[in-house]
Amino acid sequence: MDFDFSDSEIQRYARHIVLKDVGGTGQMKLKTGRVLVVGAGGLGSPLAMYLAAAGVGTIGIVDDDIVELSNLQRQIAHGMDDLGTPKVESARQTMVNMNPEVTVQTHQMRLNAQNVVDLISQYDVIADGSDNFETRFLLNDACYFAGKTLVSGAALRFDGQVSTFKAHLGAPHPCYRCIYHAPPPPDAIPSCSQGGVLGAVVGTIGGLQATEVLKELMGIGDSLSGQLVIVDALAASFRKIRVPRDPGCPLCSEKATIKDLSCHEH
């Protein structure tokens with residue numbers, strides 16, 4: 001692999017390049033990588049910022065919301081001067097100010113069954129930092145059909161979880177529906193605005209997601225596919241549990257009943 005780095009890039013990524021498992025080869029994989037970050041909020045902010053700092057060449061960020069004062073307790077890509085600004089634009093400016101070497105593509109929209117396939121087709125890895133089950137299940141299903149690796153994170157109150165899904169590769173890799181077959185009933189689980197969330201917790205989960213995305217791009221370390229990391233911040237505990245592929249999964253098993261994204265067209 002040819003290493004086409006400028007002098008400023010060599011200096012910027014020096015702490016990466018000296019790592020035995022990264023080196024020039026890994027850094028070039030990051031430079032040529034394309035990642036879509038879904039959500040520019042609590043999870044998406046640290047996730048996108050670390051990807052930009054790491055030198056991921058093209059980062060897409062999708063969100064349809066604007067910056068509000070209540071966001072600033074945890075959504076560190078935004079500041080007081082960004083109030084009323086689209087989150088994707090605020091995040092893009094923060095990322096470019098941090099690292100002008102990367103390209104940030106903004107998508108000010110809400111994902112749905114009509115636009116998700118075209119959008120994820122433009123990227124190598126999809127990182128889900130959304131805050132609702134509708135989007136999580138949509139991304140899981142779309143990534144499975146499109147053959148895309150999905151790094152998923154969630155946080156509420158003092159807890160969080162992270163996993164990687166690439167069921168499109170076949171057994172033994174599970175998908176999100178292998179854990180949760182269907183979305184919970186409306187209002188069964190409170191949102192962050194209802195239940196609250198400690199700001200630093202989403203930073204922890206978003207940082208873990210960024211690490212897993214970088215590993216997937218470089219092909220290093222142990223993938224979280226088939227495993228779920230559960231974080232309990234109050235107990236300062238991290239647990240990693242095995243998540244097997246479900247032989248009755250409605251999406252990725254031989255008994256699958258979901259054949260396309262039509263179930264999301266409501």
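This is a short walk through helix 7, three salt bridges and a surface patch. The model is predicted.

Start with helix 7. It covers residues 133-146, which makes 14 residues. At 1.5 Å a residue, helix 7 should span 20 Å. Its end C-alpha atoms lie 20 Å apart, so the expected and computed spans agree.

Now look at the two ends. At the start of helix 7, Asn132 points a side-chain oxygen at the backbone nitrogen of Glu134, coming within 3.3 Å. Just after the helix comes Gly147, with a positive phi of about 70 degrees.

Much can be said about burial here. The buried residues of helix 7 are Thr135, Arg136, Phe137, Leu138, Leu139, Asn140, Asp141, Ala142 and Cys143. What do they pack against? The partners are strand 1 (34-38), helix 6 (116-120), strand 4 (125-128) and strand 5 (149-156).

One of those buried residues, Asp141, leads on to the salt bridges. The whole structure holds six of them. Asp141 pairs with Arg177, at 2.8 Å from N to O. Asp141 sits in helix 7, while Arg177 sits in the loop between strand 6 (159-165) and helix 8 (192-195), so the bridge ties together parts that are 36 residues apart in sequence. Are these two partners buried or exposed? Asp141 and Arg177 are both buried.

Next, take a salt bridge inside helix 9 (residues 199-218). Glu212 and Lys215 bring their closest N and O atoms to 3.1 Å. They are three residues apart in the helix, so about one helical turn separates them. Glu212 is buried, and Lys215 is buried too.

Helix 5 holds another bridge, between Arg92 and Glu89. Here the closest N and O atoms are 3.3 Å apart. Arg92 and Glu89 are three residues apart, about one turn of the helix. Arg92 has a relative accessible area of 26%, so it counts as partly exposed. Glu89 has 32%, so it is partly exposed as well. The cut-offs explain both labels: buried means under 20%, exposed means over 50%, and partly exposed lies in between.

Finally, turn to the surface. Leu69, Met80 and Leu83 form a nonpolar patch there. Together they offer about 310 Å² of accessible area. Where is Leu69 found? Leu69 is in the loop between strand 2 (58-62) and helix 5 (87-98). Leu69 counts as exposed because its relative accessibility is 58%, and the cut-off for exposed is over 50%.

Key
Residues numbered from 1 in each chain as written. Predicted model: local features only at pLDDT ≥ 70, side-chain atom pairs only at ≥ 80, totals over all residues. Heavy atoms only, no water. Patch = residues over 30% accessible without salt bridge, like charges linked within 9 Å, V, L, I, M, F, W, Y side chains within 5 Å. Areas by Shrake-Rupley, 256 points an atom, 1.4 Å probe, with all protein chains shown as cover. Salt bridge = Lys/Arg side-chain N within 4 Å of Asp/Glu carboxyl O. Helix = DSSP H or I, 4+ residues; strand = E, 2+ residues; numbered from the N terminus. Buried < 20%, exposed > 50% of the residue type's maximum accessible area, 1.4 Å probe, protein only. Expected span 1.5 Å × (residues − 1). Contact = heavy atoms within 4.5 Å. Polar contact = N/O pair within 3.5 Å; in protein donor to acceptor, adjacent residues only side chain to side chain.
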